[in-house]
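Got your viewer open? Let's take a short walk through this structure, one selection at a time.

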Amino acid sequence: MPEDDIGLEARLDEQESFEPPAAFVEQANVSEEIHEAFEQNWPAEWERAANLLSWNSEWDQVLDDDNEPFYEWFVGGELNASHNCLDRHLDDRGDEVAIEWIGEDDDRRSYTYSELHEEVNAVAAALRELGVEADDVVTLYLPMIPELPVAMLACARLGAPHSVVFAGFSANALAERMDAADSGTLVTCDGYYRRGDPLDHLQKAREGLASVDGDVTTVVVDRLGEDAPSEVGAEHVFGDLRDRHAGATVEPVSRDAEDMLFLMYTSGTTGKPKGVKHTTGGYLSYVAWTSHAVLDIKPEDTYWCAADIGWITGHSYIVYGPLALGTTTVMYEGTPDYPHKGRLWELVEEYGVTQLYTAPTAIRSFMKWGAEYPAEYDRSSLRLLGTVGEPINPRAWKWYYKHIGDESCPVVDTWWQTETGGMMITTLPGVDRMKPGSAGPPLPGVSADVVDSRGHPVEAGQAGHLVVNRPWPGMLRTLYQNDERFLDEYWQTYSNPDRDEWVYFPEDGAKLDDDGYLTILGRVDDVINVSGHRIGTMEVESAIVGVEGVAEAAVVGGEHDITGEAVYAYVITADGQPETESFREAIVEAVETDIGPFARPSAVVFTPELPKTRSGKIMRRLLEDIANGDELGNTSTLRNPDVVHDIETAVGEE
């Protein structure tokens, strides 16, 4: 390690804090007064978020908490998300670029706000012709191509909630989500490129549709042209529908603030994905405000969130937040190291990117490849850096700050979830000092704490459970068609309904320091975070035990240098089933088929037994210790303590 890195590394170990650069402070969208303003006038101060939007009807009440925890925000207000992201910008920003898209094959498309408006109107008219009406859920099974945000905004224009299914999900996962959402319309594509190879996405979509209950109207985007492995058959062709309705005008449907904007399915501890419901007024206000306050987005920026729209980060901070503010948002189809390891920095230089928001997983990869790659390109346009998806360790934070931002860009380390809609805990870049390793304080208007198992606040520096003590506009309203699970999953643990005390528990561990900064310690439930993708252990276990020859399985998360966590599967085979490499591959293939390649186990360990308590409960903690090579905890409560050492030996032989 170079000498200057050693000095900075030592300071970070002491959690030295960094002041935001003076040049940034002078132009920042928010100033110090914002913290005090929210504390003095909560919740009315959230009107500043709603005022970033255009409303057809003003709200009568900022927050209705009469039916906790089923909160309602901006009650009585009406608006349309598509209008807010497009129409209202046409006079001032019509000729400015809304979306810059770069395909992996270097296909490039730029959409001005006027062009995007025309495209969205045409697609909305086409969907309406196919029978899509307000409140119909439309499933979008698309990769990172421009037709995805176009379809999202077209749905929003019609008042039809969209349900985006990540393109990496399997056919089974698509079918499960379409059935759960009662969705009768699917927009998908023929395929897309990954590391130069065309992938057959249409065939996967067809396999999923074969398991969907009821009739489905299917629209297919032609992404691959002559490279498409499967030809479009009975499905509608996206481009033909769009062209047939070119020049159409679809008036945006006025939606109540509490009407659903979209569904997003996320992993849960029961193995059944949860349909998180986000509404139009509160969600859109919240992502616009956090984009303004935390990402410091201005209309003249060229902003890049290097996530996938198939996850909540892409919804909030590629599509809705940036477009609501009238800026230029960058979309990239490919991977960071194709066709070369300097690809991201090449694009930063070419497009003059002003903010970069990416995951610690990517940053750890950049570190591994070496600082020489970003050093080859001009990154002086960058004004702010952000991280999302999982906690970032101080060493990676330091590398990002120094080698990407040249120590002149504030770094916002943001904690939030699918369920929160937008950022909850982070530094404000022009206001707060930065502490590498700590996400920061709760945002103004957000109240969070760290508590013990009885719900009592812990002392500074002690680990506990993160809780949120009051509502916020971007919060999920419920789980789709399952209010009971909504209460059980998020509100049961620490709330006291008898005293009207409602506490949201996101199932993350955390520590709070003397300055009110929160360090996120990771999940406390049975969900593994692989590269920012939340994977339920029960989902993976269900896929594994579905393989003929598997008697039992236990899945845990283990530490991984690049992905943060990795999937470790411990498998007991049925009598007579050989523990061969081909059988191990069959197990991995089953996980990829049922869930997707991103859930692929890093290790499949065959074991004659699993460590269980005398009551029969699997001691997953011990399996995590083994996966991480940690010293084993207490095994005295096991009915079969000897098996732990057998598993250790098996892992060592992997």
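How many bridges join strand 19 to strand 20? Select residues 384-387 to light up strand 19, then add strand 20: you're looking at 3 bridges, and the two strands run parallel. Keep in mind that this is a predicted model. Now click Thr387 and look across to strand 20, where its bridge partner is Asp413.

Next, zoom out to the sheet. This one is open, with 7 strands in the order 5-4-17-16-18-19-20 and mixed pairing. Colour strand 5 (108-112) and strand 20 (411-413): they stand at the edges with a single partner strand each, so one side of each has no neighbour in the sheet. Turn the view and follow the twist, which averages 15° from one strand to the next.

Now select residues 113-129. That's helix 7, which packs on the sheet and touches strand 4 (97-102) as well as strand 5. Compare directions here: helix 7 makes about 95° with strand 5.

Time to look inside. Nonpolar side chains tend to be buried together in soluble globular proteins. The largest nonpolar core here has 114 residues, and Leu116 and Tyr320 touch the most other members. Select residues 147-158 too: this is helix 8, which gives the core its largest share, 9 residues.

Which residues does Tyr320 touch? Leaving aside residues up to four places away in sequence, its contacts include Ala81, Cys85, Met152, Leu153, Phe262, Tyr283 and His315.

Last stop: another core, apart from the largest one, has 35 residues. Pick out Phe166, Trp311, Val530 and Ala599, which are among them.

How values were computed. Residues numbered from 1 in each chain as written. Predicted model: local features only at pLDDT ≥ 70, side-chain atom pairs only at ≥ 80, totals over all residues. Heavy atoms only, no water. Core = buried A, V, L, I, M, F, W, Y, C linked by side-chain atoms within 4.5 Å. Buried < 20%, exposed > 50% of the residue type's maximum accessible area, 1.4 Å probe, protein only. Helix = DSSP H or I, 4+ residues; strand = E, 2+ residues; numbered from the N terminus. Contact = heavy atoms within 4.5 Å. Pairing = 2+ DSSP bridges. Axes fitted to C-alpha atoms, helices over the stretch in contact; angles between N-to-C directions.
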